[in-house]
2 protein chains.
Amino acid sequence: MTHESAPPNELTFWSFVDFAVRKAQQELPAVDTDAMRMALTLSRASSMVIYDLESTVHRPRGLTWPGFRVIFALWLAGPMEAKTTAEISGTSRAALSALLNTLERDGLVVRERASHDRRALQLSLTEEGYGAILGGFRAHNRRESAWAEALEPDERTELVRLLNKLMAGSTDAKAKFRS
Amino acid sequence: MTHESAPPNELTFWSFVDFAVRKAQQELPAVDTDAMRMALTLSRASSMVIYDLESTVHRPRGLTWPGFRVIFALWLAGPMEAKTTAEISGTSRAALSALLNTLERDGLVVRERASHDRRALQLSLTEEGYGAILGGFRAHNRRESAWAEALEPDERTELVRLLNKLMAGSTDAKAKFRS
DNA sequence: CCCAAATGATCAAACGTTTGATGAAGATGA
DNA sequence: TCATCTTCATCAAACGTTTGATCATTTGGG
């Protein structure tokens with residue numbers, strides 16, 4: 001440790017970002033503080049929004065966040081191979097296997113063998129699954145709206161543009177993806 | 001279902017955002033598409049960055065992402081009560097209890113009873129924990145830099161500003177927080 | 001045609017997370 | 001002082017995730 005810049009008395013999830021960036025700079029002068037602040041802010045913002053959506057909308061309706069993502073993908077993209085569901089819902093294939101046990105047990109999703117390739121799995125929503133996502137998504141989207149109101153319309157557009165640009169750079173950054 | 005706008009052949013984690021927004025609009029005309037796109041983009045961007053950092057930096061060094069968050073908080077804010085660690089690392093108090101079992105077993109963190117309140121727990125890093133975060137964070141920050149390079153400096157600033165503004169609105173949105 | 005390599009799915013073990021319950025210690029007030 | 005309420009931590013059960021292994025099917029080369 002170098003100089004002690006004592007933590008403020010009131011350190012919160014959100015105010016910790018500023019404190020951490022300042023303190024890290026003291027400890028390791030070579031740190032890229034802009035990149036640090038960006039990543040820290042991004043992950044915390046996302047975590048707050050997701051926690052809010054999951055705990056106020058989906059858990060009370062009997063769905064976890066990962067469960068919602070899968071049902072959501074099946075709702076919009078229609079019946080498809082499990083491999084595709086994993087890809088577009090952002091779940092590894094192994095995690096999806098486990099997740100499907102729950103969703104199938106709860107009667108929301110059906111697993112079937114694909115006709116053209118007996119290794120592959122075909123997934124589709126049941127009537128109940130369709131009903132669940134329809135109601136769940138309406139509430140989900142109302143909550144998204146409440147969050148979005150904090151920004152002006154053009155700010156929302158700009159935020160999306162910047163995040164897209166950041167993701168587009170992931171190839172250059174040689175980022176590792178889920179498999 | 002209404003009109004079938006067939007999913008593109010190549011639906012990926014990232015391209016799914018555009019598709020989903022279009023399709024949801026068809027299915028539910030009342031949907032707030034801007035809010036939907038914003039939340040979808042935010043959660044996916046964050047998930048990509050975190051997965052990359054966890055799988056390329058921390059797991060190979062024997063730390064999970066939640067484990068890293070806790071060690072990171074203890075490194076910068078110094079020894080503190082477990083309650084505070086939970087708050088600033090974004091972990092529920094119950095989850096931290098379980099997490100500490102691993103971190104303590106691995107010799108990274110020490111649990112002690114607080115002197116002024118015998119209910120409370122005082123946490124601190126061991127020498128080994130300090131070494132782990134020092135090396136781990138350097139690699140972590142290099143990776144953050146690689147991601148950040150996708151944006152111009154002023155774009156990074158603007159992204160952080162927008163995310164901060166979004167979070168500031170969480171009170172108005174009456175968002176639910178971790179406890 | 002046959003065998004090796006690649007692909008799709010699942011499994012097993014270890015972990016972290018959530019909700020709700022329980023137990024222990026501190027604060028409050030009659 | 002005593003009873004009650006609140007706060008801090010942990011536990012238990014159910015879940016989802018990761019990595020690495022296994023098994024079945026399909027593909028491709030010889």
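A polar contact is a pair of N or O atoms within 3.5 Å; within protein, one atom must be able to donate a hydrogen and the other to accept it, and residues adjacent in sequence count only if both atoms are side-chain atoms. The model is predicted: local features need pLDDT of at least 70, side-chain atom pairs count only at pLDDT 80 or more, and totals for chains, interfaces and linings use all residues. Residues are numbered from 1 along each chain as its sequence is written, chains are lettered from A and ligands numbered from 1 in the order in which they are written, and side-chain values use heavy atoms, without hydrogens and water.

**Exercise 1.** Identify the polar contacts of K83(A), R111(A) and L121(A) with phosphate oxygens of DNA strand C.

*Solution.* Begin with the side chains. An N or O atom in the side chain of R111(A) lies 3.1 Å from a phosphate oxygen of the strand. For K83(A), the side-chain N or O atom is likewise 3.1 Å from a phosphate oxygen. Then turn to the backbone: a polar backbone atom of L121(A) is 2.5 Å from a phosphate oxygen.

**Exercise 2.** Characterise the surface near DNA strand C (a residue is near if one of its heavy atoms lies within 4 Å).

*Solution.* First, classify the residues: 11 are charged, 10 nonpolar and 5 polar, where Asp, Glu, Lys and Arg count as charged, Ala, Val, Leu, Ile, Met, Phe, Trp, Tyr, Cys and Pro as nonpolar, and the others, Gly among them, as polar. Next, consider the strand: sugar or phosphate accounts for 83% of its atoms within 4 Å of the protein, and bases for the rest.
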